[in-house]
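Dear colleague,

Please find below the structure I am handing over to you, with its sequence. My notes on it follow directly.

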Amino acid sequence: MEQIKISPPLGLTPLEIDVFWMQHAYMLANRAAQQGEVPVGAVLVVDNQLIAEGWNRSIQNHDPTAHAEMMVLKRGGEKIKNYRLVDTTLYVTLEPCPMCAGAMVHARVKRLVYGAFDFKTGAVGSVFNLVEDSRLNHRVQVEAGILEHECSQQISAFFKARRKAHKTNKALAKKKS
């Protein structure tokens, strides 16, 4: 994937900067949905400069580790030639799972900003809180709920459509038998 030079306009407040980057992650989540993937997008930023971007690819890659966050952490490490991603901020549209939260701690991500809460598998406060656990050797600063409504709607709409398609396919299969 070719890296696009992106950075927020000058003079934005910290909240406006978070919204700017979350909007970019949201756009990447749309790309995931268009590819039949769970719509989660992520961007990795340092000094307000985009280092890496990605979206879920678990279905297309047949890879349970191909979450948006994992894709971005891998690309970020490759770009800066270090697996330690010190002083980075990771923006992601959905609260990270335990695997992704653990990878963020290991990579020493400084800050995480996410949109929608995940009350089933969220590992950044909803079910677990791995990134701020004092028993670990690194803690990640967290800002939750940026564009929460939009991110929640996006993922809810995706799963609603999948359930509807599943019911339709099941009904068609039943008619054929």
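Immediately following α3, Lys81 adopts a positive phi of about 60°. Please note that this is a predicted model. The helix that Lys81 follows, α3, is made up of 13 residues and spans 18 Å between its first and last C-alpha, close to the 18 Å expected at 1.5 Å a residue. Its orientation is set out by its neighbours: α3 lies across β1, β2 and β3, and runs at about 140° to β2. Buried positions in α3 are Ala68, Glu69, Met71, Val72, Leu73, Gly76 and Gly77. An α-helix has 3.6 residues a turn, so residues three or four places apart point the same way. The elements against which the buried residues of α3 pack are β1, β2, α2 (58–61), β3 and α4.

The sheet

The strands form an open sheet of five, in the order β2-β1-β3-β4-β5, and the pairing is mixed. At its edges are β2 and β5 (141–144), each of which pairs on one side only. From one strand to the next, the twist averages 15°.

Both kinds of pairing can be seen at β3. With β1 it runs antiparallel, the two being joined by four bridges; Ala42 stands opposite Val92 of β3 here. With β4, β3 runs parallel, and five bridges join the two. Two positions illustrate this second pairing: Leu90 has Leu112 in β4 as its bridge partner, and Leu94 stands opposite Ala116 in β4.

As to burial, β3 is mostly covered, with six of its six residues buried. In β4, five of the six residues are buried, so this strand is largely enclosed by the rest of the structure.

Thr89 also belongs to strand β3. Is Thr89 buried or exposed? Its relative accessibility is 13%, and Thr89 therefore counts as buried, the cut-off for that class being under 20%. Apart from neighbours within four places in sequence, Thr89 is in contact with Val43, Leu44, Val45, Arg111 and Val113.

The nonpolar core

In soluble globular proteins, nonpolar side chains tend to be buried together. Here, the largest nonpolar core has 44 residues, and those with the most contacts inside it are Trp21, Met22, Leu90, Tyr91, Val109 and Leu112. At least two residues of this core come from each of α1 (14–34), β1 (41–46), β2 (49–55), α3 (68–80), β3 (89–94), α4 (98–107), β4 (111–116) and α5 (148–176).

Leu90 deserves a separate entry. Setting aside neighbours within four places in sequence, its contacts are Val43, Leu44, Glu69, Val72, Leu73, Met104, Val109, Arg111, Leu112 and Val113. Among these, Glu69, Val72 and Leu73 are buried residues of α3, and Leu112 is the bridge partner of Leu90 in β4.

An exposed loop residue

Arg135 is located in the loop between β4 and β5. Because its relative accessibility is 73%, Arg135 counts as exposed, for which the cut-off is over 50%. The side chains of Arg135 and Asp133 are joined by a polar contact of 2.5 Å. Between Arg135 and Ser7 there is a separation of 128 residues in sequence and of 35 Å in space, C-alpha to C-alpha.

With kind regards

How values were computed: Residues numbered from 1 in each chain as written. Predicted model: local features only at pLDDT ≥ 70, side-chain atom pairs only at ≥ 80, totals over all residues. Heavy atoms only, no water. Core = buried A, V, L, I, M, F, W, Y, C linked by side-chain atoms within 4.5 Å. Buried < 20%, exposed > 50% of the residue type's maximum accessible area, 1.4 Å probe, protein only. Contact = heavy atoms within 4.5 Å. Pairing = 2+ DSSP bridges. Axes fitted to C-alpha atoms, helices over the stretch in contact; angles between N-to-C directions. Polar contact = N/O pair within 3.5 Å; in protein donor to acceptor, adjacent residues only side chain to side chain. Expected span 1.5 Å × (residues − 1).
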